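The exercises below are meant to be worked with the sequence and the coordinates open side by side. Each one gives a task, followed by a solution in steps.

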Amino acid sequence: MPDGTRAADAWRPLPNAATLLAAQVGYQFRLLLATPSALVIGVGLPVVLLVVGNARHGGGGAANVAGYAVFGLTMTAWNTHGVRLVAARELGILRRWRAAPLPPWCYFAGRIIATSLFATLAALVTLLAGVLFDGVSLSAGATLSVLPVLVLGSLAWAAASTVMSSVVPGTGAASPAFLLTYFPVVLVSGVLGPLSGEPHWLTTLASYLPAEPVIDTVGRALRHVPVFSAHDLLVLAAWVIVGLAVASARFRWEPYRPAQHRSARQHHPQERPAGQPG
Amino acid sequence: MSAIAAEHLTKRYGELAAVDDISFEVPAGQFVAVLGPNGAGKTTTLEMLEGFTAPTAGTIRVLGADPRRGGRRWRARIGLVLQSTSLDAELTVAATLGLYGQLYPDPRPVGEVLELVDLAGDAQTRVGVLSGGQRRRVDVAIAVIGRPDVLFLDEPTTGLDPEARRRTWAGITDLTVTGTTVVLTTHYIEEADNLADRVLVLAGGGIIADATPHELRTRGGASSVRFPLPEPRLAASLPAALAAHVSPDGRTLVIRDGDVTAALRELMGWADAHRLDLTGIEVGPPSLEEAYLAAAGGSLALETSSHA
């Protein structure tokens, strides 16, 4: 035994990465299902807004239903994903996973994939609510054709949210930071209702953000016109690729440690600030 | 070869040397307790050994590898309990252990680990509703489920009630019979005394003592007599030779040097004359706490289990 330990046990094969990734996706998905705020924000809120809006103004049509479906999807993939990631980092959960014999990309990918599946399901539930309460119709074929775009949109938002989480220091700042960056994007993209009369530059900008391509695709499916749009798919694919690349480069496992903790320690070495190693 | 070898290990934060040029080796299978006050460098040392923190200078080998470069296979041979509990609250205890267990090539069965940490009755309980002590034992369970060769425990029983602490100790003690190398940081001297083969005392980022608990006690001075006085006013009636050894608060007689037999003879005569029994008297080598304080120059405040 080269280091005086149980070397024979040490060379058993490690579990394969695909199995571990599947387990991570399942685990993260179960965590989301067990998180009430994820269900309320992703499913409850869009459906309530849809039903209440329908009761007040009558059926809002395809654009409204598409907007509310994308509202649930983006709130899940941006806000819920990002805030939970910041909390997990602050609580040391990410650090514990980093120390485990799990390929780091497995945790990273498992979390993003699970969020994307959850966000896609949330959007489908809202679409179903639209069919039930708003009078829109969606064929099985149209649902299948819209699915890849919902998944791609969820991945794009989750990847961007992972990037954002790396610059948010802690849970106290997480919700304001994520909501403040979220609402301008979804408002100019028409998530909370179709826009009219906005300047050309704004509509052009919105077409390159990751919300409008999803709304447009879902809207086309609800209006029974051809769903496929090369522009929308390319925009979303670009967001996914760039988002994942930047997120993997900037992903932080360690909790944020304010610099003032270190200076406090220098002045009072016997008094260790909370969370500071001794 | 040693399971752990650290040479000239240093970690600086600006001008502050959190760990200052320390060297030590830990043979495979040894249980080492690292003691020291807050800011002594215990957790920083442990984080360097675990690979979380890069040393400013010096080298570390854990199971023959640099912890900063240890891959999956290396991590599969390491177990660790972090300073604070870090678990997802939504899963059950059994599901959490099952999830971690599948990362290892030869995990212990979940049921066996639950027995080891005395949580078999809580297998289907959500982690979020467990007490702090129970969550800490889940931490320990995760650390040992992969049958680690080296186990790092960073203050695993801080904040636990005495019963929970003893249960955790029992679980950790069971591990040592399988030859696991354990490095434990703790504030509790009693914990080090109960569990460790060897004690490293850190202060100001350096090692000020490296010995077995017995050796450390021996260094702490000769055998001593300790007797809690039933009433502080009784101190006035003690023979002069004994009265000089009463603590300032008048509550305890502590004789750390001189002829123990003679001191006992005088004490028994005094007790007989005053019709007192000597319940609570202790005769023996210095406690590890006294030895620790002697090693640290008596100037360091360290919690004892009685303060917890």
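A nonpolar core is a set of buried Ala, Val, Leu, Ile, Met, Phe, Trp, Tyr and Cys residues joined through side-chain atoms within 4.5 Å. The model is a predicted one, and side-chain atom pairs count only at pLDDT 80 or more.

**Exercise 1. The nonpolar cores**

Task: Find which residues touch the most other members of the largest nonpolar core, and which helix gives the most to this core.

Solution. Step 1: The largest nonpolar core holds 118 residues, and those that touch the most other members are Trp97(A), Trp157(A), Val218(A), Leu222(A), Leu97(B), Leu103(B) and Leu216(B).
Step 2: Helix α4 of chain A, residues 61–90, gives the most to this core, namely 14 residues.
Step 3: There is also a second, separate core of 28 residues, which includes Leu9(B), Ile22(B), Phe152(B) and Leu202(B).
Step 4: Taking Trp157(A) from the first list, and leaving aside its neighbours within four places in sequence, one finds it in contact with Thr74(A), Ala77(A), Trp78(A), Tyr182(A), Val185(A), Val186(A), Pro210(A) and Ala211(A).
As background, nonpolar side chains in soluble globular proteins tend to be buried together.

**Exercise 2. The make-up of chain A**

Task: State how many helices and strands chain A has, and what percentage of its residues count as buried.

Solution. Step 1: Chain A is built with twelve helices and zero strands.
Step 2: Of its 278 residues, 50% count as buried.
Step 3: When contacts in chain A are restricted to residues at least 6 apart in sequence, 78% of them join residues at least 24 apart.

**Exercise 3. Ser189(A)**

Task: Decide whether Ser189(A) is buried or exposed, and describe its surroundings.

Solution. Step 1: Ser189(A) is placed in the loop between α8 (171–188) and α9 (200–207) of chain A.
Step 2: Its relative accessibility is 5%, and because the cut-off for buried is under 20%, Ser189(A) counts as buried.
Step 3: The side chain of Ser189(A) reaches the backbone oxygen of Val185(A) at 2.6 Å.
Step 4: Beyond its neighbours within four places in sequence, Ser189(A) is in contact with Ala206(A), Leu209(A), Ala211(A), Glu212(A) and Ile215(A).

**Exercise 4. Arg220(A) and its partner**

Task: Identify the residue whose side chain meets that of Arg220(A) in a salt bridge, and explain which parts of the chain the pair ties together.

Solution. Step 1: Arg220(A) is found in helix α10 (residues 212–222) of chain A, and at 16% relative accessibility it counts as buried.
Step 2: Not counting residues up to four places away in sequence, Arg220(A) touches Val225(A), Pro226(A), Val227(A), Ser229(A) and Asp232(A).
Step 3: With Asp232(A), the contact is a salt bridge between side chains, at 2.9 Å from N to O.
Step 4: Because Asp232(A) lies in helix α11 (residues 230–250) and Arg220(A) in helix α10, both of chain A, the pair ties together parts that are twelve residues apart in sequence.
Step 5: Asp232(A) is buried, as is Arg220(A).
Step 6: For a longer separation along the chain, consider Ala62(A), which is 158 residues from Arg220(A), with their C-alpha atoms separated by 8.1 Å.

**Exercise 5. Salt bridges in chain B**

Task: Describe where the partners of the salt bridges Arg77(B)–Asp149(B) and Arg136(B)–Asp139(B) lie.

Solution. Step 1: In the pair of Arg77(B) and Asp149(B), the closest N and O atoms are 2.8 Å apart.
Step 2: Arg77(B) lies in the loop between α2 (72–75) and β5 (78–81) of chain B, and Asp149(B) in the loop between α5 (132–144) and β6 (150–154) of chain B, so this pair ties together parts 72 residues apart in sequence. Both Arg77(B) and Asp149(B) are buried.
Step 3: Arg136(B) and Asp139(B) form a salt bridge with closest N and O atoms 2.9 Å apart, and both lie in helix α5 of chain B, three residues apart, about one turn of the helix.

**Exercise 6. The interface**

Task: Characterise the contact between chain A and chain B by residues, buried area and salt bridges.

Solution. Step 1: Chain A contributes 42 residues and chain B 52 residues.
Step 2: The two chains bury about 4,500 Å² between them, with 54% of it on carbon and sulfur atoms.
Step 3: Two salt bridges cross the interface; in one salt bridge, the side chains of Asp139(B) and Arg96(A) meet at 2.6 Å, N to O.
Step 4: On the side of chain A that touches chain B, α5(A) gives the largest share, six residues.

Key: Residues are numbered from 1 along each chain as its sequence is written. Chains are lettered from A and ligands numbered from 1 in the order in which they are written. This is a predicted model: local features need pLDDT of at least 70, side-chain atom pairs count only at pLDDT 80 or more; totals for chains, interfaces and linings use all residues. Side-chain values use heavy atoms; hydrogens and water are left out. Contact means heavy atoms within 4.5 Å. Buried area is the accessible area (1.4 Å probe) that two parts lose on being put together, summed over both. A salt bridge is a side-chain nitrogen of Lys or Arg within 4 Å of a carboxyl oxygen of Asp or Glu. Helices (H or I, at least four residues) and strands (E, at least two) are DSSP runs, numbered from the N terminus. Buried means under 20% relative accessible area, exposed over 50%, partly exposed in between (1.4 Å probe, protein chains only). A polar contact is a pair of N or O atoms within 3.5 Å; within protein, one must be able to donate a hydrogen and the other to accept it, and residues adjacent in sequence count only if both atoms are side-chain atoms.
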